Amino acid sequence: VYVGGARTLRCYQSHGGKLVWETTLPARSYARGAFTPEAIYVPLEASIIQLDPATGKQVARAEVTLPSEDEPIGNLFTDGERLIVFGLKKVYALALTEPVKTLN
């Protein structure tokens, strides 16, 4: 079970509720992230970070340029092929313009 707050994301075992891991986010997140079996995507300011669902460690960070600079990144959703952003006034489908750089 994953639980998120403004600056914290936690993973608990579904049986017994034991805390598996906790991650402090580098900035406040005001929108909902997207979860897949391979990754957790969290919108932060003008970027989206990718976390490993098994450990909570940051794997990658992608800067996002939306058509309207005054609109923050909104809630994320995935259809399994791309990230979809539900912004304040529009819905965007995000595609990579260059390969994701994995953090060491």
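**Exercise 1. The nonpolar patch**

Task: State which residues form a nonpolar patch on the surface of this predicted model, and how much accessible area they have together.

Solution.
Step 1. The nonpolar patch on the surface is formed by F77, F86 and V91.
Step 2. Together these residues have about 290 Å² of accessible area.
Step 3. To place one of them, take F77, which lies in strand β8, residues 75-78.
Step 4. The relative accessible area of F77 is 43%. Buried means under 20% and exposed means over 50%, so F77 is partly exposed.

**Exercise 2. The sheet that contains β8**

Task: Find the strand order of the open sheet that contains β8, and say which strands stand at its edges.

Solution.
Step 1. The order is β8-β9-β10, an open sheet of 3 strands with antiparallel pairing.
Step 2. The edge strands are β8 and β10 (91-94). Each has a single partner strand, so one side of each is left without a neighbour in the sheet.
Step 3. From one strand to the next, the twist averages 25°.
Step 4. Strand β9, residues 83-86, is joined to β10 by 4 bridges, and the two run antiparallel. In this pairing, V85 stands opposite Y92 of β10.

**Exercise 3. The sheet β1-β2-β3**

Task: Describe the open sheet that has the order β1-β2-β3, including its edges and its twist.

Solution.
Step 1. The sheet has 3 strands, and the pairing is antiparallel.
Step 2. At the edges stand β1 (2-4) and β3 (19-24). Because each has a single partner strand, one side of each is without a neighbour in the sheet.
Step 3. The average twist is 15° from one strand to the next.
Step 4. Strand β2 covers residues 8-12 and pairs with β1 in the antiparallel sense over 3 bridges. G4 is opposite L9 in β2.

**Exercise 4. Residue R7**

Task: Locate R7, classify its exposure and list its contacts beyond its neighbours within four places in sequence.

Solution.
Step 1. R7 sits in the loop between β1 and β2.
Step 2. Its relative accessibility is 36%, so R7 counts as partly exposed.
Step 3. With neighbours within four places in sequence left aside, R7 is in contact with T23, T24, L25, P26, A27 and R28.
Step 4. For P26, compare sequence with space: R7 and P26 are 19 residues apart in sequence, and their C-alpha atoms are 7.3 Å apart.

**Exercise 5. Salt bridges**

Task: Say how many salt bridges a search of the whole structure finds, then examine the pairs.

Solution.
Step 1. The search finds 3 salt bridges. As background, side chains of opposite charge can pair when their charged atoms come close.
Step 2. In one salt bridge, E22 meets R10 with an N to O distance of 2.5 Å. This pair links distant parts of the chain, as E22 is in strand β3 and R10 in strand β2, 12 residues apart.
Step 3. E22 is partly exposed at a relative accessible area of 44%. R10 is also partly exposed, at 30%.
Step 4. R61 and E63 meet in a salt bridge at 3.5 Å, N to O. R61 is partly exposed at 34% relative accessibility, whereas E63 is exposed, with a relative accessible area of 60%.
Step 5. D79 and R82 form a salt bridge at 3.1 Å, N to O. D79 is partly exposed at 37%, and R82 is partly exposed at 38%.

**Exercise 6. Strand β5 and its partners**

Task: Work out how many residues of strand β5 are buried, and describe how β5 pairs with β4 and with β6.

Solution.
Step 1. Strand β5 covers residues 40-44, and 4 of its 5 residues are buried. Therefore β5 is largely enclosed by the rest of the structure.
Step 2. Strand β4, residues 34-35, pairs with β5 in the antiparallel sense over 2 bridges. The bridge partner of A34 in β5 is Y41.
Step 3. The connection from β4 to β5 is a hairpin through 4 residues.
Step 4. On to strand β6, residues 47-51: 5 bridges join it to β5, and the two run antiparallel. P43 has I48 in β6 as its bridge partner.
Step 5. β5 and β6 also form a hairpin, with 2 residues between them. In this turn, E45 has a positive phi of about 50°.

Key
Residues numbered from 1 in each chain as written. Predicted model: local features only at pLDDT ≥ 70, side-chain atom pairs only at ≥ 80, totals over all residues. Heavy atoms only, no water. Patch = residues over 30% accessible without salt bridge, like charges linked within 9 Å, V, L, I, M, F, W, Y side chains within 5 Å. Areas by Shrake-Rupley, 256 points an atom, 1.4 Å probe, with all protein chains shown as cover. Salt bridge = Lys/Arg side-chain N within 4 Å of Asp/Glu carboxyl O. Buried < 20%, exposed > 50% of the residue type's maximum accessible area, 1.4 Å probe, protein only. Pairing = 2+ DSSP bridges. Axes fitted to C-alpha atoms, helices over the stretch in contact; angles between N-to-C directions. Contact = heavy atoms within 4.5 Å.
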